[in-house]
Amino acid sequence: ISAVFNETQQISHYAAVFTDLSEIRATEAEMMFLSEHDELTHLPNRQLFLQLVEQALKTARRDQLFCAVLVLDLDHFKDVNDSYGHRYGDELLLQVASRLKQKVRDIDVVARLGGDEFAIFLPQLTAPEDAALMADKLIRSMNQPWLLANEYEVTLGASIGICLYPEHADNTASMLQGADSALYKAKAQGRNCTVIV
């Protein structure tokens, strides 16, 4: 704001220049969101997932709680893309993300790591066995038919690898790595199953 003087050097009025930053702020907020979330599903991405697990593990250490990381990979997802196209593949991924979020507790974290691979973090478990029970529930859910564009019905399964805290790993990176390793064992055992590290 600047004062404007008249001929007698007295302030006659003020001039103000304003800039609307709302569009810039909205763009910044969107960029921040996209840096931490998957563009398609809007689930947390790998980076945000690891941050959330790291924070929850601090609480688990302090309160001596059980936690688990599950890595879920859709079985035969490539067949959907090859048969129906990527548009339908993307629609299926959106439905999978939605169904996963419906099946977990409010405190659990569902993230998309990339492609058809999802991660689920289960904090504050009463017992380590609860992770396997959740994994079985998720596999049954993934086995239900999927309707694409109200036209094509597809079925596919899922394989899940589980890593438990503190039994198998005691830090974020090791938990994700352990769950990933268990997932590959599940795939090798014929898919549509769960393997614990």
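In this predicted model, the largest nonpolar core has 33 residues, and Leu70, Leu72 and Leu138 touch the most other members. As a general rule, nonpolar side chains in soluble globular proteins tend to be buried together. Several elements build this core: E3, helix H3 (77-84), H4, E5, helix H5 (129-142), strand E6 (146-148) and E8 each supply at least two residues.

Let's look at one of those leucines. Which residues does Leu138 touch, not counting residues up to four places away in sequence? They are Leu70, Leu72, Leu100, Lys103, Val104, Ile120 and Ile160. There is also a second, separate core of 20 residues, with Cys67, Val109, Met175 and Leu183 among them.

Now for the sheet. Five strands form an open sheet in the order E4-E5-E3-E8-E9, and their pairing is mixed. Strand E4 (109-114) and strand E9 (194-196) are the edge strands, each pairing on one side only. On average, and ignoring direction, neighbouring strands of this sheet are turned by 20° against each other. In general, strands of a sheet pair through backbone hydrogen bonds, either parallel or antiparallel.

One pair shows the antiparallel sense: strand E3 (residues 66-75) and strand E5 (residues 117-125) are joined over seven bridges. Within this pairing, Asp73 has Glu117 in E5 as its bridge partner. Helix H4 (residues 86-103) packs on the sheet, where H4 touches E3, E4 and E5. The direction of H4 makes about 5° with that of E5.

Two residues are worth a visit in the 3D view. Here is how accessible they are:

| Residue | Relative accessible area | Description |
|---|---|---|
| Asp75 | 1% | buried |
| His168 | 28% | partly exposed |

Asp75 sits in strand E3. Why is Asp75 called buried? The label fits because its relative accessible area is 1%, and buried means under 20%. Its side chain makes a polar contact with the side chain of Lys187, at 2.8 Å. Leaving aside neighbours within four places in sequence, Asp75 is in contact with Leu156, Gly157, Ala158, Ser159, Lys187, Arg191 and Asn192.

And where is His168 found? Look in the loop between strand E8 (157-165) and helix H6 (172-188). With neighbours within four places in sequence left aside, the contacts of His168 are Cys163, Ile196 and Val197. You can also find Ala132, 36 residues apart from His168 along the chain; the C-alpha atoms of these two residues are separated by 14 Å.

Notes:
Residues are numbered from 1 along each chain as its sequence is written. This is a predicted model: local features need pLDDT of at least 70, side-chain atom pairs count only at pLDDT 80 or more; totals for chains, interfaces and linings use all residues. Side-chain values use heavy atoms; hydrogens and water are left out. Two strands pair if DSSP finds at least two bridges between them. Helices (H or I, at least four residues) and strands (E, at least two) are DSSP runs, numbered from the N terminus. Axes are lines fitted to C-alpha atoms, for helices over the stretch in contact, and angles run from 0 to 180 degrees between N-to-C directions. Contact means heavy atoms within 4.5 Å. Buried means under 20% relative accessible area, exposed over 50%, partly exposed in between (1.4 Å probe, protein chains only). A nonpolar core is a set of buried Ala, Val, Leu, Ile, Met, Phe, Trp, Tyr and Cys residues joined through side-chain atoms within 4.5 Å. A polar contact is a pair of N or O atoms within 3.5 Å; within protein, one must be able to donate a hydrogen and the other to accept it, and residues adjacent in sequence count only if both atoms are side-chain atoms.
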